[in-house]
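Hi everyone, thanks for coming. I'd like to walk you through a few local features of one structure, so let me put it on the screen.

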Amino acid sequence: MTQAQGPIKVMVVDDHPMWRDAVARDLAESGFEVVATAGDGEQAVRRALAAGPDVLVLDLNLPAKPGVQVCKELVGANPALRVLVLSASGEHADVLEAVKSGATGYLLKSASTEELLDAVRRTAVGDPVFTPGLAGLVLGEYRRLASDPGGAAAEAEEPNAPRLTDRETEVLRLVAKGLSYKQIAERLVISHRTVQNHVQNTLGKLQLHNRVELVRYAIERGLDEE
């Protein structure tokens with residue numbers, strides 16, 4: 001991730017040209033670098049691989065290839081990519097499908113421009129951003145996934161589990177409780193960047209790829225309980 005050296009690179013994917021152009025314009029006017037746009041799923045995958053955005057602002061309802069498939073393919077190709085779903089649907093099934101495919105956040109299209117800009121900024125640093133009311137749903141799904149004996153976290157199970165420092169374990173516990181990086185920083189009286197560093201170190205040690213897998217790992221070990 002290189003946004004520390006310059007503007008956050010964003011790509012906008014939506015099949016409605018007027019909406020797509022408006023979102024891209026709002027982002028560009030607010031200092032983001034819009035590196036690409038796309039109007040269907042196949043075009044989105046092709047252009048994202050070429051343009052290398054930091055954040056993908058993605059609609060789910062796309063022609064040629066659905067948004068969840070686009071998300072799955074692109075996050076699979078580049079685990080550092082952050083995906084913010086921007087959808088008209090608040091259906092729980094759509095939200096959970098997006099999270100399982102690797103999305104970092106989920107915002108409804110009814111959000112204001114300011115909410116969108118803030119969501120993109122937070123998504124870029126790995127904070128999970130959800131329209132109010134959806135965060136609890138997602139945390140519940142993490143817990144359900146964690147009770148599933150199959151899945152990514154189970155693959156990370158090894159008899160010689162990597163040793164985490166006390167602070168890394170503390171941060172992991174708060175991540176599992178659904179706190180944002182900002183909230184964790186305030187709770188532990190450390191900087192936002194220090195929280196990010198602890199999370200990145202933990203991902204590396206546990207050989208996990210993203211926050212979804214990390215939360216699953218933590219909940220499996222009961223770290224979300226007091």
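Let's begin with a question: which residues in helix α2, residues 41-51, are buried? They are G41, Q43, A44, V45 and A48. Please keep in mind throughout that this is a predicted model.

So what covers those buried residues of α2? The cover includes two strands, β1 (9-13) and β2 (33-38), along with helix α3 (67-77).

Now look at the two ends of α2. At its start, D40 has a side-chain oxygen that reaches to within 3.1 Å of the backbone nitrogen of E42. Past the other end, the helix is followed by G52, and the phi of G52 is positive, near 60°.

Let's stay with backbone angles for a moment. As a reminder, most residues other than glycine have a negative phi. Here are two residues to check against that. A64 is not a glycine, yet it has a positive phi of about 75°. You'll find A64 in the loop between β3 (55-58) and α3. Is A64 buried or exposed? Its relative accessibility is 55%, and the cut-off for exposed is over 50%, so A64 counts as exposed.

The second one is V189, again a residue other than glycine with a positive phi, this time near 55°. V189 sits in the loop between α9 (181-188) and α10 (192-206). With a relative accessibility of 72%, V189 counts as exposed too.

That loop brings us nicely to the two helices on either side of it. How do α9 and α10 cross? Their axes come within 8 Å, and the crossing angle is roughly 110°. Angles of 65 to 115 degrees count as roughly perpendicular, and therefore that is the description for α9 and α10. As for who meets whom, α9 brings Y181, K182, I184 and A185, while α10 brings H192, V195, Q196 and V199. By type, the residues of this contact are five nonpolar, two polar and one charged.

One last stop, if you'll follow me along the chain to helix α11, residues 211-220, where we find Y217. Buried or exposed, what would you say for Y217? Buried is the answer, because its relative accessible area is 6% and the cut-off for buried is under 20%. You can also relate Y217 to L206: the two are eleven residues apart along the chain, and their C-alpha atoms are separated by 9.0 Å.

That's my tour, and I'm happy to rotate the view for anyone who wants another look.

Terms used. Residues are numbered from 1 along each chain as its sequence is written. This is a predicted model: local features need pLDDT of at least 70, side-chain atom pairs count only at pLDDT 80 or more; totals for chains, interfaces and linings use all residues. Side-chain values use heavy atoms; hydrogens and water are left out. Buried means under 20% relative accessible area, exposed over 50%, partly exposed in between (1.4 Å probe, protein chains only). Helices (H or I, at least four residues) and strands (E, at least two) are DSSP runs, numbered from the N terminus. Contact means heavy atoms within 4.5 Å. A polar contact is a pair of N or O atoms within 3.5 Å; within protein, one must be able to donate a hydrogen and the other to accept it, and residues adjacent in sequence count only if both atoms are side-chain atoms. Axes are lines fitted to C-alpha atoms, for helices over the stretch in contact, and angles run from 0 to 180 degrees between N-to-C directions. Angles under 35 degrees count as roughly parallel, over 145 as roughly antiparallel, 65 to 115 as roughly perpendicular and the rest as oblique. Ala, Val, Leu, Ile, Met, Phe, Trp, Tyr, Cys and Pro count as nonpolar, Asp, Glu, Lys and Arg as charged, and the others, Gly among them, as polar.
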